[in-house]
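Trainee: I am new to this one and would like to go through it with you. May I start with a detail and then widen the view?

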2 protein chains.
Amino acid sequence: MDAETIQRSLEDGGLRCTPQRYAVMAFLMEHAEHPTAAEIFEAVNRLDPRSSRATIYNNLRDLVEAGLVREVAVEGRAARFDAKAVRHHHFICDRCGNVEDMEWYDVPKPDADSLGKRVFREYELIFRGLCARCAPRRASRHA
Amino acid sequence: MDAETIQRSLEDGGLRCTPQRYAVMAFLMEHAEHPTAAEIFEAVNRLDPRSSRATIYNNLRDLVEAGLVREVAVEGRAARFDAKAVRHHHFICDRCGNVEDMEWYDVPKPDADSLGKRVFREYELIFRGLCARCAPRRASRHA
DNA sequence: TCTCAAATTAGACAGATTCTAAGACTTCAT
DNA sequence: ATGAAGTCTTAGAATCTGTCTAATTTGAGA
């Protein structure tokens with residue numbers, strides 16, 4: 001991933017390109033496996049230890065607000081983050097909580113009637129089940 | 001909501017009908033506004049204070065496992081719970097985090113190809129935007 | 001009634017995230 | 001350059017959500 005692209009996308013989002021912010025964005029663009037804040041903190045500081053935990057969280061919040069990063073809440077687990085540019089759905093594993101990307105396809109949006117006074121921004125489709133790693137041992141669930 | 005219905009649904013789910021469990025289930029069936037665990041704890045004990053916090057969490061976990069209650073994770077906020085029997089989608093407010101029900105409609109499921117070795121269990125559609133209460137003041141965001 | 005598993009409890013604990021207060025860095029007008 | 005103002009970062013404390021522990025109570029069935 002080319003540095004200028006990252007810098008430009010930050011600036012397009014109205015964010016200054018600081019080394020710490022750059023590191024978070026670059027890491028997310030290079031790692032599609034939906035890391036948690038803790039994983040990002042560890043990985044970013046392993047390369048060059050100069051981001052505090054608060055800064056990771058601050059920058060993730062800024063990136064989400066700027067629309068450059070998506071946050072995925074998972075029941076009972078830490079949030080996961082995702083900078084993939086192309087639109088996609090998500091598959092969440094019931095057992096391990098991992099989040100995987102699924103190919104995008106449009107579905108009908110709710111009509112104005114059912115929205116009422118709400119302002120619609122976007123939708124996403126979440127699939128649940130067992131990921132490829134967990135599926136084979138699902139029998140052990142009933143052990 | 002009739003007491004026998006609640007009792008029966010608990011027993012159908014393989015759960016003993018204790019006063020504490022009953023109280024959680026009854027509260028959820030009577031309150032469709034997707035309360036958090038903390039809200040349930042407070043409300044249930046306001047009526048009749050005999051449930052500890054751990055019991056609320058234990059019972060919510062049991063009810064979710066029995067399929068009687070749905071848990072909705074919301075980014076950066078406490079999980080919300082929902083005992084509505086009829087299938088529905090959710091609308092989550094970007095600003096206040098409230099969860100509202102949206103009428104159900106089927107959408108195409110992912111095909112076997114894109115699932116690969118994953119085991120599909122269910123899907124849900126999540127709409128995001130601003131709820132009726134937050135929509136009018138969205139301008140203040142840029143203040 | 002007796003027994004045993006299931007359920008409950010208070011409070012300690014843990015993990016995730018936010019807050020605070022201080023300092024460092026940028027920007028920009030002088 | 002210089003200084004003011006705002007933005008960013010920091011370490012650690014604090015908060016919030018949720019889980020665990022160990023002891024006790026409850027309840028269904030023998």
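Trainee: Which residue is the bridge partner of A:Ile126 in E5(B)?

Mentor: The bridge partner of A:Ile126 is B:Glu124. Please keep in mind that this is a predicted model.

Trainee: In which sense do strand E5 of chain A and strand E5 of chain B pair, and over how many bridges?

Mentor: The two strands, each covering residues 119–130, pair in the antiparallel sense, and eleven bridges join them.

Trainee: What is the strand order in the open sheet?

Mentor: The sheet has six strands in the order E4(A)-E3(A)-E5(A)-E5(B)-E3(B)-E4(B), and its pairing is mixed. From one strand to the next, the twist averages 35°.

Trainee: Why is one side of each E4 strand left without a neighbour in the sheet?

Mentor: Strand E4 (99–103) of chain A and strand E4 (99–103) of chain B stand at the edges with a single partner strand each, so one side of each has no neighbour in the sheet.

Trainee: Turning to the two chains, how many residues of chain B are in contact with chain A?

Mentor: There are 36 residues of chain B in contact with 36 residues of chain A. Between them the chains bury about 3000 Å², with 60% of that on carbon and sulfur atoms.

Trainee: Which residues of chain B lose the most area to chain A?

Mentor: Those are B:Arg118, B:Val119 and B:Arg128, which together make up 20% of what the chain B side buries.

Trainee: Now the DNA. Which residues are closest to DNA strand C?

Mentor: Of the 19 residues that surround DNA strand C, the closest are A:Arg53, B:Thr18, B:Arg21, B:Arg50 and B:Thr55. As for the strand itself, sugar and phosphate account for 75% of its atoms that come within 4 Å of the protein.

Trainee: What lies 2.4 Å from a phosphate oxygen of that DNA strand C?

Mentor: A polar side-chain atom of B:Thr18 lies at that distance. B:Gln20 also places a polar side-chain atom 3.1 Å from a phosphate oxygen of DNA strand C. With A:Ala79, a polar backbone atom is 3.1 Å from a phosphate oxygen of the strand.

Trainee: Which helix gives the most to the surface near DNA strand C?

Mentor: H4(B) does, with five residues. At least two residues each come from helix H4 (53–65) of chain A and from helix H2 (19–30) and helix H4 (53–65) of chain B. By class, the residues of this surface are six nonpolar, seven polar and six charged.

Trainee: And which residues come nearest to DNA strand D?

Mentor: A:Thr18, A:Arg21, A:Arg50, A:Ser52 and A:Thr55 come nearest, out of 18 residues around DNA strand D. Here sugar and phosphate account for 70% of the DNA strand D atoms that come within 4 Å of the protein.

Trainee: How far is a polar backbone atom of A:Ser52 from a phosphate oxygen of DNA strand D?

Mentor: The distance is 2.7 Å. Chain B takes part as well: an N or O atom in the side chain of B:Tyr57 is 3.1 Å from a phosphate oxygen of DNA strand D, and a polar backbone atom of B:Ala79 is 3.1 Å from a phosphate oxygen of that strand.

Trainee: Which elements give two or more residues to the surface near DNA strand D?

Mentor: They are helix H2 (19–30) and H4 of chain A, along with H4 and strand E2 (77–82) of chain B. The largest share, five residues, comes from H4(A).

Key: Residues are numbered from 1 along each chain as its sequence is written. Chains are lettered from A and ligands numbered from 1 in the order in which they are written. This is a predicted model: local features need pLDDT of at least 70, side-chain atom pairs count only at pLDDT 80 or more; totals for chains, interfaces and linings use all residues. Side-chain values use heavy atoms; hydrogens and water are left out. A residue is near a molecule or strand if one of its heavy atoms lies within 4 Å of it. A polar contact is a pair of N or O atoms within 3.5 Å; within protein, one must be able to donate a hydrogen and the other to accept it, and residues adjacent in sequence count only if both atoms are side-chain atoms. Helices (H or I, at least four residues) and strands (E, at least two) are DSSP runs, numbered from the N terminus. Ala, Val, Leu, Ile, Met, Phe, Trp, Tyr, Cys and Pro count as nonpolar, Asp, Glu, Lys and Arg as charged, and the others, Gly among them, as polar. Two strands pair if DSSP finds at least two bridges between them. Axes are lines fitted to C-alpha atoms, for helices over the stretch in contact, and angles run from 0 to 180 degrees between N-to-C directions. Contact means heavy atoms within 4.5 Å. Buried area is the accessible area (1.4 Å probe) that two parts lose on being put together, summed over both.
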